[in-house]
2 protein chains.
Amino acid sequence: MFKTTNAPLKGKLHIIGCGSAMPTKEHFPSSQILELRGKQYMIDCGEGTQIRMKQMHLKTTRLGHIFISHLHGDHCFGLIGMIATFGMLKRTADLHIHAHPDLEQLLTPLLNYFCTDISFKVEFHPFNPAKNELIFEDRSVEVYTIPLKHRVPASGFLFKEKIGLPHIKREVIDFYNVPPYKIGKIKLGEDFVTEEGEVIPNEIFTLPPTPPLQYAYCSDTAFCESIIPLVEGVDLLYHEATFAEDEAVRARQTMHSTARQAAEIAKRANVKRLIIGHYSARYRNKDVLLREAREVFKSTKLAEDMQVIEF
Amino acid sequence: MFKTTNAPLKGKLHIIGCGSAMPTKEHFPSSQILELRGKQYMIDCGEGTQIRMKQMHLKTTRLGHIFISHLHGDHCFGLIGMIATFGMLKRTADLHIHAHPDLEQLLTPLLNYFCTDISFKVEFHPFNPAKNELIFEDRSVEVYTIPLKHRVPASGFLFKEKIGLPHIKREVIDFYNVPPYKIGKIKLGEDFVTEEGEVIPNEIFTLPPTPPLQYAYCSDTAFCESIIPLVEGVDLLYHEATFAEDEAVRARQTMHSTARQAAEIAKRANVKRLIIGHYSARYRNKDVLLREAREVFKSTKLAEDMQVIEF
């Protein structure tokens, strides 16, 4: 019965789309669903997100919160269609959208016109993309903003699992005949007192909890050193890599990153793994992006639409 | 040099999406591009239209006018993304949107926020969906509204080619040594006067022009007899067929048609060919829809996403 809490649950990242603004045959615009401890968090929602989700057989019954990095169309034009569809599916749980304050003004007239008969509330939670702060937490996760450097106010997100309960040493529990109803208390730190009155210290029964997972999403952004301390040591970093090095000037002008720059951030932040995405439509073959990133940071992979990454 | 005007040009219908409101693995929501005499006219623009167009290698350099049947999301949510992309592609030609008057109020704030740097104008041409009237014409085509019966004001569209110029009998031209600069005038109806002053009557040089094509689009609508005279004899009719007969009650409640009802309209209007679409997501296999329609009107086909129909 404690397995659900303590099993070394993996994080799962569903890449719904990892293209950039111009649609291509291979890539839908940005959207992801992060699964942590059985809950789903959506990050960005470009046009066609609900269509891709259907293609991926992705059910979203455990999706309550959507985080929008910035108000460019390729990161938010899919919201209205998806919300309308949730309405047709008779969703009842409220939906929470965390975004730049302008989104509420933009989306509300559309919701009032197209989604008059939906049976749930859409709640907006505006945040300030220029600040690094905690914008959301539930029982298992904290979400922090990561200020980015883009043509419009933009923010990445750091998802930090909270520390779970310690693991129980089953054989020690059996040895001391601990009754099942006591196990919960031991997990919460209590010592165990035997029938004879002997106090067995808590640490004998427990192993440290699974280290909490951390996932960071940084898109869209120019190369931005201030990201580095904010994503220090994360298990998985998704960083945009719109261009290869030969387009470094264009990257700077449009306030995007090269694959090499994404890898530079990953390396200096000592992250465990890097996933690059948000590819410019000019790269049908992304080998050059992968090669340039790996020269700097070996543990790099290319994101692909409809891919599921466990970490 | 007259070939471009007089060659028996076919009509081409690009089915971009023919699903209904709920996205499926097979179908995107409604959108089509009709090509007549080398010009493109878009009808409806559901979410993901620009993505599908990319998958179809559909270039839209000759697209100037978009006709929106009604303001349900699956017929118009793709507009904002497509217009934003046209902006990135540095389109310069103005884009004309014919729709219910409300669309301008809904779309303008989005255009002002997301499309500030586009190099073309988006012009709205509101029409009254309750009226059957001419809403647009250019040199080769007239477009009429077809009032439909749906939960919100909705209108189909009749595209009517204008009568072209007569065809020239090349061998008669050669026989009378008609100089090339005179041919245009003969096409416009003038007689020919030989060098000897002999008047050769116009009809000797000409064959009647290619009969003008007519295409009608009717979606979304309940069974609606008043459509029949308005689509009488068209070369191709696209009619929604959201449900099979066993869902006839649901069709009536939601103001959609069954495949059989679509065929009934086609038959009574003596159209040449019928294409059905706007399938409910419940039909993964559409054989039942095709069978029920063909029982009433033999020359019926199922629309498929990314299909090109010549007529």
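Colleague: What percentage of the 311 residues in chain A is made up of buried residues?

Modeller: Buried residues make up 44% of the 311, a residue being buried if 20 or more other C-beta atoms, placed from the backbone, lie within 10 Å of its own. This is a predicted model, in which local features need pLDDT of at least 70 and side-chain atom pairs count only at pLDDT 80 or more, while totals for chains, interfaces and linings use all residues. Residues are numbered from 1 along each chain as its sequence is written, with chains lettered from A and ligands numbered from 1 in the order in which they are written.

Colleague: Why is strand β3 of chain A described as largely enclosed by the rest of the structure?

Modeller: In β3(A), residues 39-45, 5 of the 7 residues are buried, so the strand is largely enclosed; strands here are DSSP runs of E with at least two residues, and helices are runs of H or I with at least four, numbered from the N terminus.

Colleague: How do you know that β2(A) is paired with β3(A)?

Modeller: Pairing requires at least two DSSP bridges, and 6 bridges join β2(A), residues 31-36, to β3(A), the two running antiparallel. Q32(A) stands opposite I43(A), and the hairpin has 2 residues between its strands, with R37(A) in the turn having a positive phi of about 45 degrees.

Colleague: What makes up the right-handed β-α-β unit?

Modeller: The unit consists of β3(A), helix α2 (residues 49-55) of chain A and β4(A). Right-handed says that, with the strands pointing away from the viewer, the path from the first strand over the helix to the second runs clockwise. β3(A) and β4(A), residues 63-67, run parallel and are joined by 4 bridges, with M42(A) opposite I66(A).

Methods:
A residue is buried if 20 or more other C-beta atoms lie within 10 Å of its own, exposed if 12 or fewer, and partly exposed in between; C-beta atoms are placed from the backbone.
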